[in-house]
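The exercises below ask for a careful reading of backbone angles, helix geometry and core packing, each followed by a worked solution.

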Amino acid sequence: MIYTCTLNPSIDYVVKVNDFKEGHLNRTDSASVFPGGKGINVSRVLKRLGTESTALGFAGGFTGQFIKEFLSSEGITHDFISVSDQTRINVKLKSVKETEINGQGPGITAEQKLELLGKIREMQAEDVLVLAGSIPSALDETFYKEIADTCLKNGVNVVIDASGNALRSTFSSKPFLIKPNHHELGELFDTKVSSVQEAVHYGKKLLEEGVQNVIVSMAEKGAIFINQHGAFFANVPSGEVKNSVGAGDSVVAGFIAGYKQHGDFKKAFKQGVATGSATAFSEDLTTKEFAAELINAVNVNEII
């Protein structure tokens with residue numbers, strides 16, 4: 001079974017205003033409401049690719065209820081822990097420039113934290129758990145480390161899509177996969193990563209610290225995949241970028257779905273890049289059909 005965990009989900013209120021003027025009355029040209037959060041995005045894309053998952057995390061109030069009802073309407077299993085505070089609302093303003101206003105996360109009690117850990121302890125060997133997104137201020141930044149240690153003990157493959165100390169603290173727990181972009185990779189080593197060669201160099205250092213598999217996304221330059229058996233480079237298909245939100249999450253979903261289907265890292269990497277690109281070229285998260293259209297435009301070559 002595949003599980004995703006979003007500790008700090010949201011409702012994303014996406015509004016388009018052709019010519020936004022600060023300090024004036026503005027009227028929307030369009031508005032959409034979606035459940036937000038990186039783990040939730042992974043579950044939604046997995047479902048579209050025909051792969052089942054269960055979404056975990058914390059949810060509260062009418063906003064949390066909206067998220068659960070939305071996921072149910074898409075046929076996605078969820079098992080959120082109820083909290084007293086409202087799940088946050090994030091405003092995504094699309095105009096000449098894109099502006100985001102993110103709400104604060106809810107309070108989480110020690111009992112609610114233990115309840116989530118209890119669900120994770122019940123996972124079986126070879127299950128996959130995706131930890132994605134920020135850790136709310138109500139929890140310690142080493143919470144991912146605590147979860148990853150539990151997964152390591154029980155043989156659960158943990159995938160971590162985070163940044164900074166929340167990510168670094170998990171390396172000794174041997175995560176199955178991490179997916180930093182080149183900026184985040186550079187931050188881990190207090191440097192700047194701008195070339196494929198530099199990404200490979202620092203990606204291999206992550207393997208030395210315990211990570212099993214690494215995907216580094218490098219925007220229009222492509223992506224690399226590294227593990228103990230080799231390194232691969234994939235180009236990004238050409239297309240008009242319409243939506244950067246969820247593209248990285250789609251890479252993770254495509255990789256997991258591909259690996260579950262083929263058990264082949266190279267094929268999984270190719271599917272991940274195609275799926276991420278398809279979301280970037282869509283107004284919303286990609287469909288299965290569009291991701292399949294792009295897969296032949298992705299070329300994966302071994303880096304010697």
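Helices (H or I, at least four residues) and strands (E, at least two) are DSSP runs, numbered from the N terminus. The model is predicted.

**Exercise 1.** Locate D190 and K174 among the secondary-structure elements, and decide whether each is buried, partly exposed or exposed.

*Solution.* Start with the position of D190, which is in the loop between α6 (182-188) and α7 (196-208). Its phi is positive, about 50°, although D190 is not a glycine. Most residues other than glycine have a negative phi. Next, the relative accessible area of D190 is 73%, and because exposed means over 50%, D190 counts as exposed. K174 lies in the loop between α5 (164-168) and β11 (177-178), and its phi, near 55°, is likewise positive in a residue other than glycine. With a relative accessible area of 48%, K174 is partly exposed.

**Exercise 2.** Check the length of α9 against the expected span, and determine how many of its residues are buried.

*Solution.* Helix α9 covers residues 265-280, and at 1.5 Å a residue its 16 residues should span 22 Å; the end C-alpha atoms are 22 Å apart, which agrees. Then consider burial: 12 of the 16 residues are buried, so α9 is largely enclosed by the rest of the structure. Among the buried residues are F269, V273 and A280. Finally, D264 caps the N-terminal end, with a side-chain oxygen 2.9 Å from the backbone nitrogen of K266.

**Exercise 3.** Identify which residues have the most contacts inside the largest nonpolar core.

*Solution.* This core has 44 residues, and those with the most contacts inside it are L7, L116 and L129. A second, separate core of 35 residues includes L49, V159, A253 and A257.

Terms used: Residues numbered from 1 in each chain as written. Predicted model: local features only at pLDDT ≥ 70, side-chain atom pairs only at ≥ 80, totals over all residues. Heavy atoms only, no water. Core = buried A, V, L, I, M, F, W, Y, C linked by side-chain atoms within 4.5 Å. Buried < 20%, exposed > 50% of the residue type's maximum accessible area, 1.4 Å probe, protein only. Expected span 1.5 Å × (residues − 1). Polar contact = N/O pair within 3.5 Å; in protein donor to acceptor, adjacent residues only side chain to side chain.
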